[in-house]
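Hello,

Here is the structure I promised to pass on to you. Please have a look at it first, and then read on for what was found.

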Amino acid sequence: MVKCWITDQPLRESETLALVKTPRAGAAVLFIGTARNHAEGRPVAALEYEAYADMAEAEMRAIAEEALRRWGAEKIAVVHRTGRLDIGEAAVMAAVSSAHRKEAFEACAFLMDALKERVPIWKKEHWADGGARWVNDDQQDDQQNEEA
């Protein structure tokens, strides 16, 4: 079973973890990625995420199904939030259940690595000094470096 979705609502650990619980699994792993207060040496006040939801959910599902096959997981749930997030709020959660802990941890790590690499979700950092930038926007980074 795989459940993947994009939402603009706050993420709930208990709800995400409940989706993967099963008597067949001896292990359940939940990863929570939160908005932190710094990036590259600068204080961050908030994060903002945008996604093309249909495409992002389809790619998340493909990644989760691959993890099911590769690690023999029982159930997987992946959710990513969009919109503005305050520091400390959850941006992403990935939950995996499997018969054994090693496979659950490995599948969860794969999910997060693949999600960051392949899923069309964009992050904007809002700095404490009032500036902002889209992460991995090389053109914008070059413009900011030229202005400095």
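To start with something you can look up yourself: does Arg 81 count as buried or exposed? At 7% relative accessibility, Arg 81 counts as buried, because the cut-off for that word is under 20%. Please keep in mind as you read that this is a predicted model.

**The sheet**

A good place to begin is the open sheet of 4 strands, whose order is S1-S5-S7-S2 with mixed pairing. Its edge strands are S1 (2-7) and S2 (27-34), each of which pairs on one side only. On average, neighbouring strands of this sheet are turned by 5 degrees against each other, direction ignored.

Strand S7 (residues 90-98) is joined to S5 by 6 bridges, and the two run antiparallel. Two of the residue pairs are worth finding on your screen: Val 78 has Ala 94 in S7 as its bridge partner, and Ala 77 has Ala 95 in S7. S2 is joined to S7 by 8 bridges, again with an antiparallel run. There, Gly 33 stands opposite Val 92 in S7.

How many of the 9 residues of S7 are buried? The count is 9 of the 9, so S7 is largely enclosed by the rest of the structure.

**The helices across the sheet**

Two helices come next. Helix H2 (residues 53-71) lies across S1 and S5 and runs at about 150 degrees to S1. Helix H3 (residues 101-118) lies across S2, S5 and S7, at about 145 degrees to S7.

Arg 69 is a residue of H2, and with a relative accessibility of 63% it counts as exposed. The C-alpha atoms of Arg 69 and Ala 107 are 9.8 Å apart, although 38 residues separate the two along the chain.

**Salt bridges**

Side chains of opposite charge can pair when their charged atoms come close. The structure holds 8 salt bridges, and some of them are joined up: Glu 59, Glu 66, Arg 70 and Arg 118 are linked in a network.

Within that network, Glu 66 forms a salt bridge with Arg 70, the closest N and O atoms being 3.2 Å apart. Both residues lie in helix H2, 4 residues apart, which is about one turn of the helix. Glu 66 also forms a salt bridge with Arg 118, where the closest N and O atoms are 3.6 Å apart. Since Arg 118 lies in helix H3 and Glu 66 in helix H2, this pair ties together parts that are 52 residues apart in sequence. Arg 118 counts as partly exposed, at 33% relative accessibility.

Now back to Arg 81, the residue from the opening question. Its side chain meets that of Glu 89 in a salt bridge (3.0 Å, N to O). Arg 81 is buried at 7% relative accessibility, whereas Glu 89 counts as partly exposed at 23%.

**Two loop residues**

Thr 82 sits in the loop between strand S5 (75-81) and strand S6 (83-86). With a relative accessibility of 15%, Thr 82 counts as buried. Which residues is Thr 82 in contact with, leaving aside its neighbours within four places in sequence? They are Ile 6, Thr 7, Asp 8, Tyr 49, Glu 50 and Ala 51.

Glu 40 belongs to the loop between strand S3 (38-39) and strand S4 (42-51). Here the backbone deserves a look. Most residues other than glycine have a negative phi. Glu 40 is not a glycine, yet its phi is positive, at about 50 degrees. The relative accessible area of Glu 40 is 72%, so Glu 40 is exposed.

**A patch on the surface**

Finally, please turn to Tyr 52, Met 55 and Trp 122, which make a nonpolar surface patch of about 350 Å². Of these residues, Met 55 is placed in helix H2. Met 55 is partly exposed, with a relative accessible area of 47%.

I hope this helps you find your way around. Do write back if you would like to go through any part together.

Best wishes

Methods. Residues are numbered from 1 along each chain as its sequence is written. This is a predicted model: local features need pLDDT of at least 70, side-chain atom pairs count only at pLDDT 80 or more; totals for chains, interfaces and linings use all residues. Side-chain values use heavy atoms; hydrogens and water are left out. Patches are made of residues with over 30% relative accessible area and no salt bridge: like charges are joined within 9 Å, nonpolar side chains (Val, Leu, Ile, Met, Phe, Trp, Tyr) within 5 Å. Accessible areas come from the Shrake-Rupley method with a 1.4 Å probe; for residues, only the protein chains shown count as cover. A salt bridge is a side-chain nitrogen of Lys or Arg within 4 Å of a carboxyl oxygen of Asp or Glu. Buried means under 20% relative accessible area, exposed over 50%, partly exposed in between (1.4 Å probe, protein chains only). Contact means heavy atoms within 4.5 Å. Two strands pair if DSSP finds at least two bridges between them. Axes are lines fitted to C-alpha atoms, for helices over the stretch in contact, and angles run from 0 to 180 degrees between N-to-C directions.
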